Amino acid sequence: MPRIRTPLAERLGLRYPIVCAPMFIISNQEMIVAAAEAGILGSMPSINHRSHAAFRESLAYIRRRTDRPFAINLTIKLTDPERLQQDFEACLEYRVPAVITSYGDPSEIARRAHEHGMAVLHDVIHLKHALKAQAAGADAIIGVAAGAGGHAGTTSPFVLYPYLRENLRVPVVAAGCIATGRQVAAALALGAELVYMGTRFIASTECGADERYKSLVVNGAPEDIAYTDGVSGVHANFLRQTLPGGAGDPADRGAAQAAVQRDGGKKWKDIWSAGQGVALAREVKPIAAIVDDVVREYAEAVRALPALED
Ligand SMILES: Cc1cc2nc3c(=O)[nH]c(=O)nc-3n(C[C@H](O)[C@H](O)[C@H](O)COP(=O)(O)O)c2cc1C
């Protein structure tokens, strides 16, 4: 199959400008290897491993299984500082090609990453934070639009990607609800150089999510997604059926918080996050097959665009 070239995909050594986005608890090293072999950028949060030693084992495993690029997500403020430092040092040691920083200031990580030739991608929901991350040395900014899985913004993707593109020097990565090749074409048309796909890859064979979670994703509709800050204090999108009380409007916030307080450590384990892209993720498949579908759909969408006529 032909490649889809963008400057950022070229720089990262990818066949297709797609990232299998990092997902707390459910992303794993198998997804990274499958994504790498399929020509896209796989990733996972380092803290998906219980210990630093387990994280190192995964890096060694990935290095044994593929020589293609991949990324590690460092969740700055959500990770114990000592653990963050250890995990980052391991990324340097294992020559991880890219780090994705989120939830904090990436300056120090970016400075050291660049000394080692590593790329740094940073995710934001507003231009204000994008400008800060650019100044801090991020090589690309991930704009997380309304409807995305995990902590999502509220800006429409129709505005967010071109707005970031017009106001940043560094390339933009489009995140939020992208599950098909048609949407990849749209995101590139809106000025992105890479697209981030999370929810679609929950429904992959390699993903560590519970089978019931995958089933909710492939059977989901946009109305099944609830946007609430009741779970973690930061607004995020969840599968409504898994929220305490079964809904997610502001009236349920108290119920969600009460349930989380009763069972603090389990909040992300039992309350499942996904974005509105559930509507377009219809089947659990291996990552390689999902990438094939997306590339074919992209080609069809581009071909079907009306040409300019006199
Ligand atoms: C279950 C779940 C967990 C997530 N955990 C993280 C995380 O640990 N770190 C992070 O930077 N983003 C996290 N995200 C956000 C994704 O990396 C990505 O921005 C999002 O999935 C893109 O939107 P989409 O799901 O609509 O494709 C998570 C998303 C989901 C669905």
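This is a short walk through one predicted model, from its domains to its ligand shell, two helices and a few single residues.

I'll start with the overall division. The protein splits into domain 1, residues 7-208 plus 283-304, and domain 2, residues 211-270. Their C-alpha centres are 24 Å apart. At the contact between them, 13 residues of domain 1 meet eleven residues of domain 2. On the domain 1 side, the elements giving two or more residues are strand E7, 150-151, and helix H9. By class, that side of domain 1 is made of seven nonpolar, five polar and one charged residues.

Next, the ligand. There are 26 residues around the ligand, and the closest are Ala21, Gly149, Gly150, Gly198 and Gly275. Strand E3, 70-75, and strand E9, 194-197, are the elements that contribute two or more residues to this shell. Sorted by class, the shell holds 14 nonpolar, eleven polar and one charged residues.

Now to helix H4, residues 81-93. With 13 residues at 1.5 Å each, H4 should span 18 Å, and its end C-alpha atoms are indeed 18 Å apart. Which residues of H4 are buried? They are Leu84, Asp87, Phe88 and Cys91. Looking down the axis of H4, these buried residues fall within an arc of 100°, so they line one face of the helix. The spacing fits the general rule: an α-helix has 3.6 residues a turn, so residues three or four places apart point the same way. Packed against the buried residues of H4 are helix H3 (52-65), E3, strand E4 (98-102) and helix H5 (107-115). E3 therefore turns up twice, here against H4 and earlier in the ligand shell. The face of H4 turned away from the buried side carries Glu82 and Glu93, both exposed.

After H4 comes Arg95, with a positive phi near 50°. As background, most residues other than glycine have a negative phi. Two further residues go against that. Ile25, in the loop between strand E1 (18-20) and helix H2 (29-38), has a positive phi of about 70°. Tyr103, in the loop between E4 and H5, has a positive phi of about 55°. Are they buried or exposed? Ile25 is partly exposed, because 15 other C-beta atoms lie within 10 Å, and Tyr103 is partly exposed with a count of 15 as well.

Over to helix H10, residues 211-218. Its buried residues are Lys214, Leu216 and Val217. They cover an arc of only 160° around the axis, which puts them on the same side of H10. Glu211 and Arg212 are exposed, on the other side of H10. The cover over the buried residues of H10 includes helix H9 (199-202) and strand E11 (236-239).

Last, Val278. Where does Val278 sit? Val278 is in the loop between helix H12 (267-270) and helix H13 (287-304). Although in a loop, Val278 is buried, because 28 other C-beta atoms lie within 10 Å and the cut-off for buried is 20 or more. Leaving out residues up to four places away in sequence, Val278 touches Thr199, Val217, Gly220, Asp224 and Ile225. Val217 is one of the buried residues of H10. Val278 and Tyr213 are 65 residues apart along the chain, with 11 Å between their C-alpha atoms.

That is the end of my part.

How values were computed. Residues numbered from 1 in each chain as written. Predicted model: local features only at pLDDT ≥ 70, side-chain atom pairs only at ≥ 80, totals over all residues. Buried ≥ 20, exposed ≤ 12 C-beta atoms within 10 Å, placed from the backbone. Helix = DSSP H or I, 4+ residues; strand = E, 2+ residues; numbered from the N terminus. Arc of directions from axis to C-beta. Contact = placed C-beta atoms within 7 Å. Domains from an automatic or database assignment. Nonpolar A, V, L, I, M, F, W, Y, C, P; charged D, E, K, R; others polar. Near = placed C-beta within 6 Å. Expected span 1.5 Å × (residues − 1).
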